[in-house]
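Let's take a walk through this fold together, going from strands to helices to the core. Please have your viewer ready.

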Amino acid sequence: MTQYKYNSSDLVRPTKLTDREQFLLTDSTTFCIYPWIHLHAYPTGEAYPCCHAEMKYPVGNCRSNTLKEIWQDRPMQTLRADMLSETPNAACGRCYEQEQSGFFSGRKSANKHHGHHVKKLDKNPFEMTYWDIRFSNLCNLRCRSCGHIFSSQWYQDQAKLAGGDWKDRNQVLNYSGRTETDMWEQLLPHIDYVEQIYFAGGEPLLMEEHYRILDELVRRERFDVRLIYNTNFTHTDLKGKSVFEYWKQFKSVAVGASLDASGDHAEYIRKGTDWKQVEQNRIEMLQVCPQVDFYISPTLSIMNAWHLPDFHRDWVERGFIKPQDLNVNILQDPAHLRIDIAPMKYKQRVRIKYEEHLEWLRKQDPLQRATVGFESAVNFMMATDNTHMIGTFWRKTHELDDIRSERLLDVIPELQGLS
């Protein structure tokens, strides 16, 4: 079997390409295959070309239009034209920023994994071969970097922070479609040619739609569909259905656990986490479906920047993951939690710690996934001075601490130096 090259642009499914197609997939600075194979929907109904797109630039709304109508509408047509003409599009700003710091961006990953669909550029049929629909904001956690849009558990906190009539104007649970079942009904006709499904949330392992999709794939014996997850990994079953038993049946399953830190750090950053249960879930998974690709997918923010190498190494030494099994997800929004808000003195301390961690990591990371993640994180942190956001960081942190009866420095004392 050929070794998977994590940061290479080589197509996962090699295809004979014209010179133009080769340029678009590997050398273009704007082209991304997603708008020809995919649409993304938030629990609020807003539609985007993908989950990396800037939230200020939706291409439609699934509560007022069908996926097909949005697919064919002017915003998506304009985006496709920009990508083909090497014209930067504001919606894609996050990928551009990531690439400047050396990250293998979502755009590059899309072309790598789905580039074999480049032949569709002229015909552009409405066939969603890649799914990433956030069916609802149902979630059991209140993560510091999140909010009510993606977590139903944030409702009470958000109401207290917003004040006024916010609570009267918003509901606890939101669905992305026109009805509770609308998105599932629109996706069903695409299930015979879907190739990859990305489950995220909210928390996907708590959503009935997730298990409904798996049941339908099993019924049709579509075990070839690649399943990819972003899950907080606190629950692994719903109504007696164990997700581990499903995963055993599929040829390719990749589980990215949104674990930012361990112990008290984890329970503070992702409120509602029971860390002992998370560790127990990993132990059980290793027993039931050890072949599944499991990796930590931490959201790297100012809150866990110092702690992340320690967490990574601890799980490696305990046999929960291999050194390569960590994929840094750099936080870009909200701005007050970015790692580049740190003053230079703190940045230098973090950089030294990461360089020491990389010295341990490089020789054990054949994929270079974790290595490039830590290297690019340092580049990202050092590239920009956003220290003007420190005041906002403390103000927002104290506001939420007061609501939750917590105190940041009791749990993450290293942030004492953030001033």
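In which sense do strand β4 and strand β6 pair, parallel or antiparallel? Keep in mind as you look that this is a predicted model. Strand β4, residues 130-133, and strand β6, residues 196-199, run in the parallel sense, and two bridges join them. To find the pairing on screen, start at Tyr-130, whose bridge partner in β6 is Gln-196.

Now zoom out from that pair. Both strands belong to an open sheet of eight strands, ordered β3-β2-β1-β4-β6-β7-β10-β12, and the pairing in this sheet is mixed. At its edges sit β3 (60-61) and β12 (293-296), each of which pairs on one side only.

Next, turn to a pair of helices. Helix α4 covers residues 93-100 and helix α5 covers residues 106-114; their axes lie 8 Å apart and make an angle of about 95°. An angle from 65 to 115 degrees counts as roughly perpendicular, so that is how α4 and α5 are oriented to each other. On the α4 side, Cys-95, Gln-98 and Glu-99 make the contact, while α5 contributes Gly-106, Arg-107 and Lys-108. Sorted by character, these contact residues comprise one nonpolar, two polar and three charged.

Finally, look inside. The largest nonpolar core has 114 residues, and the members that touch the most others are Tyr-229, Trp-247, Ile-302, Trp-315 and Phe-393. Trp-247 is a good one to select: leaving aside residues up to four places away in sequence, its contacts include Tyr-229, along with Leu-205, Val-253, Val-255, Met-285, Cys-289, Gln-291 and Val-292.

Definitions and conventions: Residues numbered from 1 in each chain as written. Predicted model: local features only at pLDDT ≥ 70, side-chain atom pairs only at ≥ 80, totals over all residues. Heavy atoms only, no water. Core = buried A, V, L, I, M, F, W, Y, C linked by side-chain atoms within 4.5 Å. Buried < 20%, exposed > 50% of the residue type's maximum accessible area, 1.4 Å probe, protein only. Contact = heavy atoms within 4.5 Å. Axes fitted to C-alpha atoms, helices over the stretch in contact; angles between N-to-C directions. Helix = DSSP H or I, 4+ residues; strand = E, 2+ residues; numbered from the N terminus. Parallel < 35°, antiparallel > 145°, perpendicular 65-115°, else oblique. Nonpolar A, V, L, I, M, F, W, Y, C, P; charged D, E, K, R; others polar. Pairing = 2+ DSSP bridges.
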